[in-house]
Amino acid sequence: MKQVNIYEARGQLSRLLEEVEGGEEILIARNGKPIVRLTPVNPPRRVLGRWQGQVPPLSEADWQASDEGVSAAFKASLDGAP
């Protein structure tokens, strides 16, 4: 979360509002103490499938190895081993 003082906010309000529209939260402070929080009225929607085509799917062998690793970690913590 970004913090700006009143003087800076007064001179850059348009730019700050653009940042808030993009999903950023901004604190406006007086003498370093936050007094106001700017937040978007309608926060940006999440985009489903953002990583589609960029992350390769796991194979069955990868899933099996992952399951075994998680099982081993839980078993070790239950047995008291580090």
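How many residues apart are Arg15 and Glu19 in helix α2? They are four residues apart, about one turn of the helix. We will come back to this pair after a walk through the whole chain.

First, a word on what you are looking at. This is a predicted model, in which local features need pLDDT of at least 70 and side-chain atom pairs count only at pLDDT 80 or more, while totals for chains, interfaces and linings use all residues. Residues are numbered from 1 along each chain as its sequence is written, and side-chain values use heavy atoms, with hydrogens and water left out.

Let us start with the overall plan. The protein chain has three helices and three strands, and along the sequence they follow the pattern β-α-α-β-β-α. Here helices (H or I, at least four residues) and strands (E, at least two) are DSSP runs, numbered from the N terminus. Of the 82 residues, 12% count as buried. Buried means under 20% relative accessible area, exposed means over 50%, and partly exposed is in between (1.4 Å probe, protein chains only). The chain exposes about 7,200 Å², and carbon and sulfur atoms supply 55% of that area; accessible areas come from the Shrake-Rupley method with a 1.4 Å probe, and for residues only the protein chains shown count as cover.

Now find the sheet. Strands of a sheet pair through backbone hydrogen bonds, either parallel or antiparallel. In this model three strands form an open sheet in the order β1-β2-β3, with mixed pairing. The edge strands are β1 (2-5) and β3, each of which pairs on one side only. From one strand to the next, the twist averages 35°. Two strands pair if DSSP finds at least two bridges between them; strand β2 (residues 26-30) and strand β3 (residues 33-38) run antiparallel and are joined by five bridges. You can trace some of the partners yourself: Ile26 stands opposite Leu38 in β3, and Ala29 has Pro34 in β3 as its bridge partner.

Follow the chain from β2 to β3 and you reach a hairpin with two residues between the strands. Asn31 lies in this loop, and its phi is near 55°, a positive value in a residue other than glycine. Asn31 is exposed, because its relative accessible area is 77%.

Next, look at how a helix meets the sheet. Helix α2 (residues 13-21) lies across β1, β2 and β3, running at about 160° to β1. Axes are lines fitted to C-alpha atoms, for helices over the stretch in contact, and angles run from 0 to 180 degrees between N-to-C directions.

What makes up the largest nonpolar core? It has seven residues in all: Val4, Ala9, Leu16, Val20, Ile26, Ile28 and Leu38. The elements that give two or more residues to this core are α2 and β2. A nonpolar core is a set of buried Ala, Val, Leu, Ile, Met, Phe, Trp, Tyr and Cys residues joined through side-chain atoms within 4.5 Å. In soluble globular proteins, nonpolar side chains tend to be buried together. Leu16 is a good residue to click on: leaving out residues up to four places away in sequence, Leu16 touches Lys2, Val4, Ala9 and Ile26. Contact means heavy atoms within 4.5 Å.

For a contrast, try Val41, which sits in the loop between β3 and α3 (60-79). Val41 counts as exposed because its relative accessibility is 77%. The C-alpha atom of Val41 is 9.1 Å from that of Val20, a residue 21 places away along the chain.

Finally, back to our opening pair. A search of the whole structure finds two salt bridges, where a salt bridge is a side-chain nitrogen of Lys or Arg within 4 Å of a carboxyl oxygen of Asp or Glu. One of them joins Arg15 and Glu19 (2.4 Å, N to O). Another links Lys2 with Glu19, their closest N and O atoms being 3.3 Å apart. Lys2 lies in strand β1 and Glu19 in helix α2, so this pair ties together parts that are 17 residues apart in sequence. How exposed are the partners? Lys2 is partly exposed at 26% relative accessible area, Glu19 is partly exposed at 22%, and Arg15 is partly exposed at 32%. Salt bridges that share partners join Lys2, Arg15 and Glu19 into one network.
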